[in-house]
Every structure is written in structure tokens, then in C-alpha cells.
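User: Hi! I have a structure here and would love some help reading it. Could you walk me through it?

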Amino acid sequence: MLNDPELLLASLNDAQCRAVAAPLGRQLVLAGAGSGKTRVLVHRIAFLIQIEKASPHSLLAVTFTNKAAAEMRHRIEQLLGQNPAGMWVGTFHGLAHRLLRAHWQEAGLSQNFQILDSDDQQRLVKRVIRDLGLDEQRWPARQAQWFINGQKDEGLRPQHIQASGDLFLATMRSIYEAYEAACARTGVIDFSELLLRALDLWRDHPSLLEHYRRRFRHILVDEFQDTNAVQYAWLQHLAKGGDSLMVVGDDDQSIYGWRGAKIENIQQFSSDFPDCELIRLEQNYRSTAGILKAANALIANNQGRLGKELWTEDGDGEPIALYAAFNEHDEARYVVESIESALRKGLARREIAILYRSNAQSRVLEEALLREKIPYRIYGGQRFFERAEIKNAVAYLRLLDGRDNDAALERIINLPPRGIGEKTVETLRELAREHNLSLWSALHQAVGNKLVNGRAASALNAFVQLVDELALKVESLSLHLMTQMVIEQTGLITYHKEEKGEKGQARVENLEELVSAARAFEHEESEEDLTPLQAFLGHASLEAGDTQAGPEEDCIQMMTLHSAKGLEFPMVFLVGLEEGLFPHKMSLEEPGRLEEERRLAYVGVTRAMQHLVISYAETRRLYGSETYNKVSRFVREIPPALMQEVRLSGSVSRPTALGNTSRNASLFANAEVPDTGFNLGQAVRHALFGEGVILNFEGSGAHARVQVKFENEGSKWLMLAYAKLEAL
Ligand code: ATP
Ligand code: MG
């Protein structure tokens, strides 16, 4: 037990102590990566409970991801020696969900409201556009979805949009309006709506706000730089009049501008809470000096920073390794070899992370890891709960929880196929639209009033019976038995078992994994106002699928840079550092977005504690097309003296002319394409494409493919057996 403040503060530096032991009031801790912001927050919580004698019940802590929330809980428990029961720790979305469940009536929601994920949202928007009779080519669902979410993130409803003669705005507004009506009718709410509705709750129900203000006397927020307008307003309402409020953040790590996050909230905070104390932390405890210098040099290229310089007592450590790969396969091979060597030297798998800019990059890396039988785990990304087969099973669970969920019903009404055709579903949709009903009610009407033919009616009846009977059967079952029964009795398991090939097998395994996820979830702390099924469904929508395996499992950690925020690893691979990929090509035209990409790179570099490895590929096949890329400007912004270029043979050298691609041909000149008589770097002639140089290969002998960079035709992959290359 830490009743002694000395003990609690013993492992902190002066500035950190000042923050942790600050008198009740408001503090803004503004500091760079790895300076102990999260550590301060956790110690502050312990301080409030142990020294200030605050009840855990009066504490609310907000973090950015579920993973971070779990980590925070764990750390507090360790510090206090007990579970801080009654304290609310979660993400903004998670907390909003919890509030809305408890106050669904005040929020104007149906009791069984469900969360619409981004896929389902797009589908619903598409349907709305069709129902409005708009041309789907001209008004793509994606664009409208983007517009709607953007408005919601700013706190704007359709009535706030002044279209005044602007056709685009007027159309978007009518889609937004119709979409809201469809959500209300079918009892679903999207991610942005969760937040906005929670804010409405404060605005429209002062007594409720008062109740929570009295309860949450102490509020703590991590990663404050990434709050958006609605989150900030929600927080501001709640914190007014409370005993203490501490927000911690780093303007250099703001990476959600594209989702409406506002760095200006940091400045806004000081003016909204003028009595707030600003505390800066400058010592970094995470990374070697070399890594830190690289991060500082990189971020110095951004304008308008609040400005801070990090230092460490640590030595330079080993240089940052830089690898120029021919293509993504070569990059993956290098990463896996380096991992194997690090494991041999004693690093644990969970201490190694591979970070990438976009999810699509993970596949090639996964394949390379699988080949070497190295266990890995992907956080976020192709989320477990976003896989089609999982969404289908969850849709059944959702339907059991609330039949009016149209999105869920549409998903599985004919899955596994049961003879309910698209025409029948269209009839239901029309009926629903005409009478403002959910599809489930429309279905009953259609059958009752004989609006569909006999065959369709009996198929629909069978479906209703299946769902209703299932609901009765699972009523008293535990969550995982319920899930098990659903995947078996709906025929989903059999359906996928009958699918040919490995895909079907993988889907069956995933469904079984869902049962394990449900079982694991049963052991988690329950939230008082939710049934286990509701909590699980909320989790399925909000969570990045982290229930797949326990954190104790020893795997390589893979994730996008966005999901790596706040984490740290002894060894980090930053892959795909290429112009066009990272910085992403969409950001190249706008200085603001380019700076956000640079902050993302800063987040990436500062995740590394001891070893940082950066790689890029000169050609990359991504999203089905091959691109030829230059090394990322972010690599060029790191002083060359801090890096060491790795060559295939294992030798190393300082990078000189980065981005000069011709060096690679000579670099690899001695490597052979096995059993073919060709070498890398060799000049060749092709009957059609002319002269070129062999850059890369896959396979050997009769199966070898080579990549040739032709003088006039760009680079191409060719089967050696057919290409009839002539050696020059
Ligand atoms: P980020 O900006 O990436 O979220 P952060 O500022 O939240 O970083 P923490 O994760 O809290 O930083 O701390 C970084 C690392 O430094 C952690 O491993 C933490 O335990 C360690 N650390 C922080 N302060 C101290 C200290 N005073 N003494 C020893 N270790 C410390
Ligand atoms: Mg942190």
C-alpha cells in the first residue's frame, strides 16, 4: 500500500512529482513522447485515491484506445495493490456508449440500440441515397458517409447546414437527414453519433449533467491532443465545477486531424480554464539518445509547434538500421531475418513491433512470418470483428438482442442461403419505407398480408421461427454458450465447412475463435448497466479485436502507426518508408496534412526503446498495382550520421545518396538467380521491351520470376522460362 506520498513519488523526477502531487485544481501537462505523461496520469490517480482519499467512484479517466485503458487499469492496480473498483476508465466512445445505455430514454434511443460500424454505415447511406432517387455514381455513398461523419464530429446536425443554393451542400444535407431518420427507425447509431448524443445528453438534461458532475469530481485525460470538438465540449461540460482535472498531451503527436481532432484544443484549454497550471516534462525515459535525436530532427521540420526539446540521460545506443529493399517481398524477408536474429540474441517476441502506414501492407509481412513459423498478432487493422463471417454471427446476436436492427437483419436474412431472394428483400424494404417500419416488422406485414408469394412467405416464416426459437433457447445461457448455439443452429458453421478450400476452414476457425472471445469476455469486469450480451456487442463494435489472444501471449506485435500511439517496444521496425506511401500520396498536396504525416512518423520513431529499423522498397505492389517509389522524405530528414545502411551481405555503411536507385544494381551485382544462369544487376535484352537490368527475383530454376527495369518500359516482373531474356 502506498499511503506514503514519498513512496508514491519516489520513482518520478521533479517535474513529474509536481504534476502528480499538484493541489486539487487543473493541470495541463504538455510534453514530448516518452517523457512519462501516461506514467504521471497513473500516479496521479493513485495519489488522488491514496493521499487525497478520493473514492475511486469519483474518478473518470479517458484514454485513446481500449488497449491503453486496459493497460492503465492494470498499472493502477499494481500501484495500489488493489482493483480500483467503481472507477470509470475507457475511451471517449466506450464511455459514451456506457452513458447512453444507462440513459437511453433521455437520449431518445431505443433500449436495444446497436452501434453501426463503418461498413454497415456505408451500406445504410447507400440505401438512403437509392431511396432518395439520387444517382449513386454522382453521389457516392463513401463521400456522403465522410460528409456526415465530418459534420457530426463538428457537432453539426442537418439543420445547422446552410446550403443556400449550393447543390452539393443541399444534397448532402438531405442525405444526412434521411440517414438520421433511417438510424432512428432501425435503432442504430454510428461512432460519431455516440459522442454527439452523449453531448446532447448534457445539453438537454441539466439534472443528469449535474448528477455526473457531482459524481466525477476528478477527471483525467490522456492523449488530449487528439480530442475532437465534440469530445472537448463533452469534457468541458462535465469538468466544470469539479475538484480536479488533469489533461496530458503532446501537440507533436496529434495524428487524428483527418477525423476532426483539433490541436487547438490544447490552447483552448488554457483559455477555458484560466486557472490551469502548465507543466512541461522534458526528460525522455524511453529511447536511446540516437533515436531521440532522430525524432527531434524529424519533427523540427514542422511549423507552428508549441515547441519542446527532449533529452535523455541514455547514451546514443546502436545506430538506426536502414534497409533499401527491392520490393515488398525483399523487405519482408529482411524484417523476418532481423527478427530471427534478435530472438536469438534473447529478445522476447512481444518486445518486437512492426509498424506500417496502412493495413494493406501487413499481408506480405504476415506471409513471411508464417513461413518461418513466428507467431504474430495484429492489433487493429483487419479487425477480428470486421471479418465477414464474424460480422454475420454477431449480426445474429444483435438480432436476438433487438429485432428492429435492419443492418443486422439485411446481413443474414439469406445467410446461409434459405431461399429469400433479393426481390423479396426489396419488397420488405419498400414496405418498411412506406410505413416507416423496421424490416423485421415489414416482414411480418408482408407475410400476414400475403404481399409475397407462397414460396417466399414460407422461407420468411422459417427465418422468423429460427430467430424467435433461438432467442428462447439462449435466454438463460452464458455468453459463450449463447454464441456457440448461434453459430451452430443458424447453420453458419456448416455453411462454411462446406465451402471449398482453406478459406472455409479459416472461417470455421474464426467462428470458433468468436466463442473463445465471448468466453474471455465473460471474465472481464462487467459494467453494471449492461447485460453481458449488450456489453459484448458494444465491445464487438468498439474494440479492435483485442480479445483474440491474451496480452501475455508472446507474439510479434503488428499494427498501423495510428494504433501504436502511447505504446513502446524495445525493438521497432518501421516499414514502407516511401514517398507516396508514407507520406501518403493524399497528403502531398496539402501542407497541413503533410505535417500530420510527419507527426505520425514522429510517433513511429518514438515507439522504439533500443533498436529502430527503417526500411523501404523501391518497387511495391499494393492495391493491385505496382509502383516505383523514392525513399520517404522522412528518412532524409533524419541526420545520416544516426543511421547505418544495411546491405544484403550483412555488411553495413553510412547512407550517402539516399533515393539514388542505381546504386542497388551494383549493390546486388553478385547475387545469383538460383539455377538460371542469371545474376541480379545483370543487363539483359527482351524481344519486346528492349534493354534492361535485373533488379530482383522470386523462386528458382524453371519457376524463377525476375524483375527487370527496362530503359523505356519501366520495371516488369517476367517468368524467366517464357521471357527468353538475352544476357548482354
Ligand atoms: P507517449 O507520448 O508516447 O504516450 P508518455 O509521455 O506517455 O509517452 P510514458 O509511456 O508514460 O511516456 O513513459 C515512457 C517510459 O518511460 C515508460 O516506460 C515509463 O515507465 C518510463 N518512465 C517515465 N518516467 C520515468 C521515471 N521518472 N523514471 C523511470 N522511468 C520512467
Ligand atoms: Mg502516453
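Analyst: Happy to help, and we can go topic by topic.

Analyst: Before we start, this is a predicted model, where local features need pLDDT of at least 70, side-chain atom pairs count only at pLDDT 80 or more, and totals for chains, interfaces and linings use all residues. Residues are numbered from 1 along each chain as its sequence is written, chains are lettered from A and ligands numbered from 1 in the order in which they are written, and side-chain values use heavy atoms, with hydrogens and water left out.

User: Which domains is the protein chain divided into?

Analyst: Domain 1 covers 5–101 + 196–283, domain 2 covers 114–186, domain 3 covers 294–383 + 551–660, domain 4 covers 384–543, and domain 5 covers 665–727. These bounds come from an automatic or database domain assignment. The centres of domain 1 and domain 5, taken over C-alpha atoms, are separated by 58 Å.

User: What does UniProt place at residues 10–288?

Analyst: An unreviewed UniProt entry puts the feature "domain: UvrD-like helicase ATP-binding" there. UniProt positions are given in the numbering used here, with feature names shortened, and annotations may be inferred rather than shown by experiment. In the model, the span 10–288 is 49% helix and 13% strand, and its end C-alpha atoms lie 23 Å apart. Helices (H or I, at least four residues) and strands (E, at least two) are DSSP runs, numbered from the N terminus.

User: Cool. Which residues does UniProt list for "binding site"?

Analyst: The unreviewed entry lists A31, G32, A33, G34, S35, G36, K37 and T38. Take G32: you will find it in the loop between β1 (26–31) and α3 (37–50).

User: Is G32 buried or exposed?

Analyst: G32 counts as buried, at 0% relative accessibility. Buried means under 20% relative accessible area, exposed means over 50%, and partly exposed is in between (1.4 Å probe, protein chains only).

User: And how many residues surround ligand 1?

Analyst: There are 19, and the closest are K37, T38, Q253, E568 and R607. A residue is near a molecule or strand if one of its heavy atoms lies within 4 Å of it.

User: What about polar contacts with the oxygen atoms of ligand 1?

Analyst: G34 brings a backbone N or O atom 2.9 Å from an oxygen atom of ligand 1. The side chain of R39 has an N or O atom 2.8 Å from a ligand oxygen, and for the side chain of E568 that distance is 2.4 Å. A polar contact is a pair of N or O atoms within 3.5 Å; within protein, one must be able to donate a hydrogen and the other to accept it, and residues adjacent in sequence count only if both atoms are side-chain atoms.

User: New topic: how many aromatic pairs are there?

Analyst: The count is 16 aromatic pairs. Rings of Phe, Tyr and Trp (its six-membered ring) pair if their centres lie within 6.5 Å; planes under 30 degrees apart count as stacked, over 60 as edge-to-face and the rest as tilted.

User: Why is the pair of W202 and Y212 called tilted?

Analyst: Their ring centres are 5.7 Å apart and their planes meet at 45 degrees, so the pair is tilted. W202 belongs to helix α9 (residues 191–204) and Y212 to helix α10 (residues 206–215), 10 residues apart. W202 and Y212 are both buried. Ring pairs also link W88, F92, W202, Y212, F216 and W234 into a cluster.

User: Which charges sit over rings?

Analyst: R101 lies over the face of F113, 3.9 Å from the ring centre. The charged end of K565 sits over the ring of F64, also 3.9 Å from its centre. The rule asks for NZ of Lys or CZ of Arg within 6 Å of the ring centre and within 35 degrees of the ring normal.

User: Any odd backbone spots?

Analyst: A bit of background helps: most residues other than glycine have a negative phi, and most peptide bonds are trans. Here, the peptide bond from L415 to P416 is cis, with omega near -5 degrees. P416 is in the loop between α17 (406–412) and α18 (422–435). Another cis peptide bond joins F582 and P583, with omega about 10 degrees.

User: And which residue has a positive phi near 55 degrees?

Analyst: K373 is one of them, and it is not a glycine. K373 sits in the loop between α15 (362–371) and β11 (376–378), and is exposed, with a relative accessible area of 72%. K450 also has a positive phi, about 55 degrees, and is exposed at 70%.
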